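Trainee: I have this one open and would like to talk through how its interior is put together. Can we take it step by step?

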Amino acid sequence: MGLFPEIGRAWLTIDSDIYIWTYEHSRDVAYFDGLSHLIVSVGLIKPKPNVFIGDVKYLLVLTTPIEVIILGVTFGDTTKTISSPSRAFVSSTYEEMQLMNKPIFVINTDNISISCVEGTSDGRIFLGGRDGCLYEITYQAESNWFGKRCKKINHSQGYISLVVPGFLKVFSENDPIAKIEVDSQRNLLY
């Protein structure tokens, strides 16, 4: 449960479903129920420019114990006509939020539970793992010769850790990352 103040909405997860609604007007409910695993963490990210169609204004990042799911968030104008004692008709416009019914990206977590999601103003997506590592989801408009359209990068471990046997990693447990904060003015991540 939490708030997305940048779009004026609240959210609630119940097992593998997420519900999002406007908290000022208690209407415009959007939901996504296409997951089969428990939602662990949620984040709303402004996407990189020129990667998606112009209708995608935000990316909704949902993490489960086995996957990171990225959904597109779009808005459509809706006009409501309301009668009031002082005026015969008052017309108010608000934007109706919609979640794309199919994920844009689905990335495997490699059995690492993700505890928090945070994005930067330029569209970068960071994930805090319960293993104490900082991950980044990188994405681009099209795949190229050198890689996929979307991938997960571990910024906390070097290439040497890839060749260390798994039973030795048990002795180097890190504290989980509980929260990530972005300082856009100084280009820092805490």
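Mentor: Let us fix one term before anything else: a residue is called buried when its relative accessible area is under 20%. Please also keep in mind that this is a predicted model.

Trainee: Okay, so which residues of β11 are buried on one side and which on the other?

Mentor: Ile125, Leu127 and Gly129 are buried on one side of β11, while Phe126 and Gly128 are buried on the other, so that by the under 20% criterion both faces are covered. Because 5 of the 5 residues of β11 are buried, the strand is largely enclosed by the rest of the structure.

Trainee: How many bridges join β10 to β11?

Mentor: There are 5 bridges between β10 and β11, and the two strands run antiparallel, with Val117 having Leu127 as its bridge partner. They form a hairpin with 5 residues between them, where Gly123 in the turn has a positive phi of about 95 degrees.

Trainee: And what about β11 and β12?

Mentor: Those strands are also antiparallel, joined by 4 bridges, and Phe126 is partnered with Glu136 in β12. Their hairpin has 4 residues between the strands, and Gly132 takes a positive phi near 85 degrees.

Trainee: Switching topic, which residues touch the most other members in the largest nonpolar core?

Mentor: That core has 21 residues, and those touching the most other members are Phe52, Leu59, Ile70, Phe105, Ile125, Leu127 and Tyr139. Strands that each supply at least two of its residues include β6, β11 and β12. A second, separate core of 19 residues includes Ile7, Ile20, Leu60 and Leu71.

Technical notes:
Residues numbered from 1 in each chain as written. Predicted model: local features only at pLDDT ≥ 70, side-chain atom pairs only at ≥ 80, totals over all residues. Heavy atoms only, no water. Core = buried A, V, L, I, M, F, W, Y, C linked by side-chain atoms within 4.5 Å. Buried < 20%, exposed > 50% of the residue type's maximum accessible area, 1.4 Å probe, protein only. Pairing = 2+ DSSP bridges.
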